[in-house]
Amino acid sequence: MRLTCPNCGAQYEVTRDAVPPGGRDVQCSNCGVTWLATPVPDPVPETGEAVAPDRPAPRSTITPEIAEILRAEAE
C-alpha cells in the first residue's frame, strides 16, 4: 500500500497490515508533517469478492542513515 504525504507529496510503500482499519498516525520523514493514514480497500471485482494481492508490497530499503542524508540534502 502506498502512503503519500499530504504536505510535500513524498510517497512511501508499506505493507497493508502496517495500517489498521481505524487508521494510524504517520510522520513524513521528508518534511516532518504528521497525518492519519487510513487503509485503502482492495479493489472489488464484478463478482463482489475482495481481491487479495498476488504478492506482498515491496519493503523500503532506505535505512534511517540514508533517510537522514536525504533530509539534509532536501534542506
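Reader: What does the accessible surface of the chain come to, and how much of it belongs to carbon and sulfur atoms?

Author: Welcome! This is a predicted model, and the accessible surface of its chain comes to about 5,900 Å². Carbon and sulfur atoms hold 54% of that surface.

Reader: How many helices and strands are there, and in what order do they run?

Author: The chain has four strands and one helix. Starting at the N terminus, the order is β-β-β-β-α.

Reader: What share of the residues is buried?

Author: Of the 75 residues in the chain, 15% are buried.

Reader: Why is C5 called buried, and C31 partly exposed?

Author: Let's set each value against the cut-offs. Buried means under 20% relative accessible area; C5 has 3%, so C5 is buried. Partly exposed covers the range between 20% and 50%, and C31 at 33% falls there, so C31 is partly exposed.

Reader: How do you know that C5 and C31 do not form a disulfide?

Author: A disulfide needs two cysteine sulfur atoms within 2.5 Å. The cysteine sulfur closest to that of C5 is in C31, at 3.6 Å, and therefore too far for a bond. Starting from C31 leads back to C5, again at 3.6 Å and too far. The count for the structure comes to zero disulfides.

Reader: Which residues make up the largest nonpolar core?

Author: Nine residues do: M1, L3, C5, A10, V19, V26, C28, W35 and A37. What makes such a set a core is that its residues are buried, of nonpolar kinds or cysteine, and joined through side-chain atoms within 4.5 Å. In soluble globular proteins, nonpolar side chains tend to be buried together.

Reader: What does C28 touch?

Author: Leaving aside residues up to four places away in sequence, C28 touches C5, C8, A10, Y12, V33 and W35. C5, A10 and W35 are, like C28, among the members of the largest nonpolar core.

Reader: What makes E13 and R2 a salt bridge?

Author: The cut-off is 4 Å between a side-chain nitrogen of Lys or Arg and a carboxyl oxygen of Asp or Glu. E13 and R2 meet at 2.7 Å, N to O, so the pair counts as a salt bridge. This pair links distant parts of the chain, with E13 in strand β2 and R2 in strand β1, eleven residues apart. E13 has 27% relative accessibility, so E13 counts as partly exposed.

Reader: How many salt bridges does the whole structure have, and where do R71 and E68 lie?

Author: A search finds two. R71 and E68 meet in a salt bridge at 2.5 Å, N to O. Both lie in helix α1, three residues apart, which is about one turn of the helix. R71 is partly exposed at 26%, and E68 is partly exposed at 45%.

Reader: Why is the group of I62, I66 and L70 called a nonpolar patch?

Author: A patch of this kind takes nonpolar side chains joined within 5 Å, from residues with over 30% relative accessible area and no salt bridge. I62 has 48%, so I62 passes that area cut-off while still counting as partly exposed. Together, I62, I66 and L70 have about 250 Å² of accessible area. I62 itself lies in the loop between β4 and α1.

Reader: Where is R16, and is R16 buried or partly exposed?

Author: R16 sits in the loop between β2 and β3. With a relative accessible area of 37%, R16 is partly exposed. The C-alpha atoms of R16 and R2 are separated by 8.9 Å, and the two residues are 14 residues apart along the chain.

Notes:
Residues are numbered from 1 along each chain as its sequence is written. This is a predicted model: local features need pLDDT of at least 70, side-chain atom pairs count only at pLDDT 80 or more; totals for chains, interfaces and linings use all residues. Side-chain values use heavy atoms; hydrogens and water are left out. Buried means under 20% relative accessible area, exposed over 50%, partly exposed in between (1.4 Å probe, protein chains only). Helices (H or I, at least four residues) and strands (E, at least two) are DSSP runs, numbered from the N terminus. Accessible areas come from the Shrake-Rupley method with a 1.4 Å probe; for residues, only the protein chains shown count as cover. Patches are made of residues with over 30% relative accessible area and no salt bridge: like charges are joined within 9 Å, nonpolar side chains (Val, Leu, Ile, Met, Phe, Trp, Tyr) within 5 Å. Contact means heavy atoms within 4.5 Å.
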